[in-house]
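Here are some short exercises to work through with the model open beside you. Try each task before you read its solution.

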Amino acid sequence: YHDGLLIFEISQKEIWNKASADSTGLEAFFESHQTDYALPERFEGMLYFCQTKKHLKKLKKHLAASNTASDSLPSQLTSGVNVKTGTFHKGQYPALDAQLWPDDANKKIAKNTHFLFIKGDKKEAVQQELNAIKGQVISDYQNHLEKVWIENLRKKYKPEINSFVLEQTKL
């Protein structure tokens with residue numbers, strides 16, 4: 001218990017507080033790892049998965065008449081259409097990939113899945129700002145500081161394993 005408290009205290013001093021207080025080090029870490037924090041190309045909107053081509057035609061007719069994107073569908077469409085709203089990434093749905101990111105493999109896979117109608121916007125990949133994801137960057141920076149700290153401890157103190165005692169603990 002005592003050793004656990006000591007490790008906690010040292011970890012707090014060497015890693016957690018250091019990462020929160022060291023704004024220069026945090027910014028340098030973010031700059032050197034910017035590609036890890038990029039938002040990939042994605043689609044934001046609604047996906048309408050239709051069971052049949054007939055449902056797809058009815059859906060298009062309904063959406064053209066109402067002129068709004070909505071989760072609520074008329075009763076004749078609710079049994080044949082599944083609606084998903086949100087942010088979707090490449091590789092999440094083959095039918096979406098075939099429409100937005102077409103290549104030969106996607107077209108073959110999506111051909112026999114669902115009839116898909118999409119309403120929304122394709123967003124390009126963007127680099128996020130540090131302020132928007134500061135919590136995630138601090139967490140990653142803490143992990144980095146911990147690895148560096150442990151490496152330095154291993155270099156300085158050269159741990160040795162007493163194999164006899166280790167074998168005795170397995171019994």
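**Exercise 1. Read the order of helices and strands along the chain.**

Step 1: Following the sequence, the elements come in the pattern α-α-β-β-α-α-β-α-α-β-β-α-α. Step 2: The tally is eight helices and five strands, where helices (H or I, at least four residues) and strands (E, at least two) are DSSP runs numbered from the N terminus.

A word on the ground rules: this is a predicted model, in which local features need pLDDT of at least 70 and side-chain atom pairs count only at pLDDT 80 or more, while totals for chains, interfaces and linings use all residues. Residues are numbered from 1 along each chain as its sequence is written, and side-chain values use heavy atoms, with hydrogens and water left out.

**Exercise 2. Work out the strand order of the open sheet, and say which strands stand at the edges.**

Step 1: Strands of a sheet pair through backbone hydrogen bonds, either parallel or antiparallel. Step 2: Here three strands line up as β3-β2-β4, with antiparallel pairing; two strands pair if DSSP finds at least two bridges between them. Step 3: β3 (81-89) and β4 (115-123) each have a single partner strand, so one side of each is left without a neighbour in the sheet. Step 4: From one strand to the next, the twist averages 15°. Step 5: Now look at β2 (residues 42-50), which is joined to β4 by nine bridges. One to find on screen is R42, whose bridge partner in β4 is K123. Step 6: Lying across β2, β3 and β4 is helix α3 (residues 53-66), which runs at about 45° to β4. Such angles run from 0 to 180 degrees between N-to-C directions, with axes as lines fitted to C-alpha atoms, for helices over the stretch in contact.

**Exercise 3. Place Q128 and list what it touches.**

Step 1: Find Q128 in the loop between β5 (126-127) and α7 (134-157). Step 2: Leaving aside residues up to four places away in sequence, Q128 touches F30, Y37, A38, L39 and I133; contact means heavy atoms within 4.5 Å. Step 3: For Y37, look at the backbone oxygen, which lies 2.9 Å from a polar atom of the Q128 side chain.

**Exercise 4. Describe two of the aromatic pairs, F8 with W16 and F88 with Y93.**

Step 1: A pair of aromatic rings is described by the distance of the centres and the angle of the planes. Step 2: Rings of Phe, Tyr and Trp (its six-membered ring) pair if their centres lie within 6.5 Å; planes under 30 degrees apart are stacked, over 60 edge-to-face and the rest tilted. The structure holds seven such pairs. Step 3: F8 and W16 are tilted, at 5.3 Å centre to centre with 55° between the planes. Step 4: F88 and Y93 are edge-to-face, at 5.9 Å and 65°. Step 5: Both F88 and Y93 belong to one aromatic cluster with F43 and F49.

**Exercise 5. Are F8 and F88 buried, partly exposed or exposed?**

Step 1: Buried means under 20% relative accessible area, exposed over 50%, and partly exposed in between (1.4 Å probe, protein chains only). Step 2: F8 has 43%, so it is partly exposed. Step 3: F88 has 5%, so it is buried. Step 4: For the whole chain of 171 residues, 25% count as buried.

Conventions. Polar contact = N/O pair within 3.5 Å; in protein donor to acceptor, adjacent residues only side chain to side chain.
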